[in-house]
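Reader: Please explain the terms applied to this model, setting each value against its definition.

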Amino acid sequence: MAGESDMAETTTLSCAQCGKPAHLQCPKCVELKLPREGAAFCTQDCFKASWVSHKSVHLKAKLSSFGPGTPGEQNSAAPDDDWLYCLKKGQTRTPKHPLFDWTGTLRPYPISKKRIIPAHIDQPDWAMDGIPKEEPNSDLQHVVEIKTTEQIERMRETCRIAREVLDAAARVIRVGVTTDEIDEVVHEATIAAGGYPSPLNYHFFPKSCCTSVNEIICHGIPDARKLEDGDIVNVDVTVYYKGVHGDLNETFFVGNVDEASRRLVQCTYECLEKAIAIVKPGVRFREIGEVINRHASMSGLSVVKSYCGHGIGELFHCAPNIPHYGRNKAVGVMKAGQTFTIEPMINAGVWRDRMWPDGWTAVTADGKRSAQFEHTLLVTGTGVEVLTARLPTSPKVFPWLNS
Ligand code: MF3
Ligand code: CO
Ligand code: CO
């Protein structure tokens with residue numbers, strides 16, 4: 001009889017920790033229908049003592065039979081051998097992470113294989129091993145560089161390419177498209193223009209752009225999740241071309257988006273516009289946050305504090321640091337020839353952020369939505385030049401810019 005043999009088998013098992021006869025089964029192993037050998041323990045103490053090594057059994061089982069967690073039906077795609085997982089700090093990227101309290105309804109999905117860069121493309125120094133070498137040690141982390149006219153000309157070219165790449169991504173955004181497919185468009189458009197997608201392998205970031213859906217504030221990793229009707233999605237593109245970086249992002253609507261989200265996205269767009277409008281020689285960097293905070297709080301929205309605008313050029317991220325929130329302590333005044341980004345992240349609820357176990361995805365602490373817009377700017381003699389400005393060919397996706 002099946003029942004009898006089950007019982008006999010169980011009673012003959014020995015404890016995975018100490019070898020004594022074992023009558024307890026790891027509940028997780030039972031749930032995952034894993035073999036009982038190695039899942040049996042004599043006492044709770046032995047179970048606890050073996051936990052750190054034993055739990056890897058669950059992890060391996062999950063990785064070999066991936067299925068998404070709670071998301072909607074169109075997103076319950078079958079597992080695919082081509083998909084890999086983002087590993088950072090020993091954490092896996094799985095929607096059923098046992099020790100993480102997800103702040104909203106969004107979950108991680110599988111990540112595709114690393115995309116290939118053709119040999120003729122000039123690469124930044126992190127492309128091969130994931131480690132930026134020049135950037136962290138540079139003096140330009142402390143002093144704000146004044147670009148030469150030759151550097152500025154290269155920045156103009158690179159930023160224009162970055163704009164065209166973002167526009168290409170914007171044109172494919174619709175219900176059912178995965179963020180991985182957006183990443184593919186960004187990757188292919190970037191290399192077609194002769195550029196390198198700066199995020200790829202930057203501090204081991206696994207993809208060529210960031211895609212941040214709904215409650216993701218920034219640094220969302222493109223994955224197998226299909227965009228759903230009513231989502232908002234930010235696409236952040238950075239291109240490395242002729243030795244300099246150009247960085248911009250926009251938040252797009254997917255299908256029919258509710259009124260509150262439309263207001264959030266428009267207000268965030270306006271925050272960036274108002275901040276750009278004060279840029280000219282002699283203005284304090286700390287004023288940018290005042291302008292943004294004023295406009296966001298007027299609409300009952302909050303400003304993210306953990307992520308800031310940054311200097312940019314031959315380095316991806318350098319001085320100055322540009323907080324977007326009010327009462328900040330940013331140092332220095334703007335001077336002609338400086339290039340930096342402004343990239344406010346505005347939240348519908350609280351300003352506080354949390355990090356997913358993947359070590360990249362920054363989400364709102366309350367699970368409410370977040371929007372962002374970013375431009376790379378040049379301080380001119382009299383004001384500002386938006387190096388990543390929209391082009392006549394840019395898709396008309398923002399209702400407040402039309403008519
Ligand atoms: N583009 C982002 C920024 O605006 C940085 C992305 S870094 C990555 O600064 F590694 F997450 F891609
Ligand atoms: Co940036
Ligand atoms: Co960016």
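The exchange below deals with the metal sites, the ligand and two buried positions.

Author: This is a predicted model, in which local features need pLDDT of at least 70 and side-chain atom pairs count only at pLDDT 80 or more, while totals for chains, interfaces and linings use all residues. Residues are numbered from 1 along each chain as its sequence is written, chains are lettered from A and ligands numbered from 1 in the order in which they are written, and side-chain values use heavy atoms, with hydrogens and water left out.

Reader: What makes Asp236, Asp247 and Glu374 the protein donors of the cobalt ion (ligand 3)?

Author: Donors are N, O and S atoms within 2.8 Å of the metal (3.2 Å for Na, K and Ca); water is not among the atoms, so sites may look incomplete. The protein donors here, with Asp236 (OD) listed twice beside Asp247 (OD) and Glu374 (OE), lie 2.1 to 2.4 Å from the cobalt ion (ligand 3). Along the chain they follow the spacing D-x10-D-x126-E. Asp236 belongs to strand E6 (residues 232-241) and Glu374 to the loop between strand E15 (370-372) and strand E16 (375-379), so the pair ties together parts that are 138 residues apart in sequence. Strands (E, at least two residues) and helices (H or I, at least four) are DSSP runs, numbered from the N terminus.

Reader: Why is the arrangement around the cobalt ion (ligand 3) called irregular?

Author: Six donors count as octahedral if opposite donors are over 155 degrees apart and all others between 65 and 115; four count as square planar on those limits, or as tetrahedral if all angles lie between 85 and 135 degrees, and anything else is irregular. The six donor atoms subtend angles of 59 to 170°, and the arrangement is therefore irregular.

Reader: What makes the arrangement around the cobalt ion (ligand 2) irregular?

Author: Its six donor atoms subtend angles of 52 to 162°, which makes this arrangement irregular. The protein donors are Asp247 (OD), His310 (NE2), Glu343 (OE) and Glu374 (OE), at 2.0 to 2.3 Å. Asp247 bridges the cobalt ion (ligand 2) and the cobalt ion (ligand 3), which lie 3.3 Å apart.

Reader: How do you know that Asp236 and Glu374 are buried?

Author: Buried means under 20% relative accessible area, exposed over 50%, and partly exposed in between (1.4 Å probe, protein chains only). Asp236 has 10% and is therefore buried; Glu374, at 0%, counts as buried. His310 and Glu343 are buried as well.

Reader: Which side chains make polar contacts with ligand 1?

Author: A polar contact is a pair of N or O atoms within 3.5 Å; within protein, one must be able to donate a hydrogen and the other to accept it, and residues adjacent in sequence count only if both atoms are side-chain atoms. A nitrogen atom of ligand 1 is 3.0 Å from an N or O atom in the side chain of Asp236. Oxygen of ligand 1 is likewise 3.0 Å from such an atom of His310, and 3.0 Å from a polar side-chain atom of Glu374. Taken alone, ligand 1 exposes 340 Å², of which the protein buries 97% (Shrake-Rupley method, 1.4 Å probe; for residues, only the protein chains shown count as cover).

Reader: Why are Asp183 and Ile173 called buried?

Author: Asp183 has a relative accessible area of 0% and is therefore buried; Ile173, with 14%, is buried too. Asp183 lies in helix H6 (residues 179-192), and its contacts (heavy atoms within 4.5 Å) beyond four places in sequence include Arg115 and Lys207.
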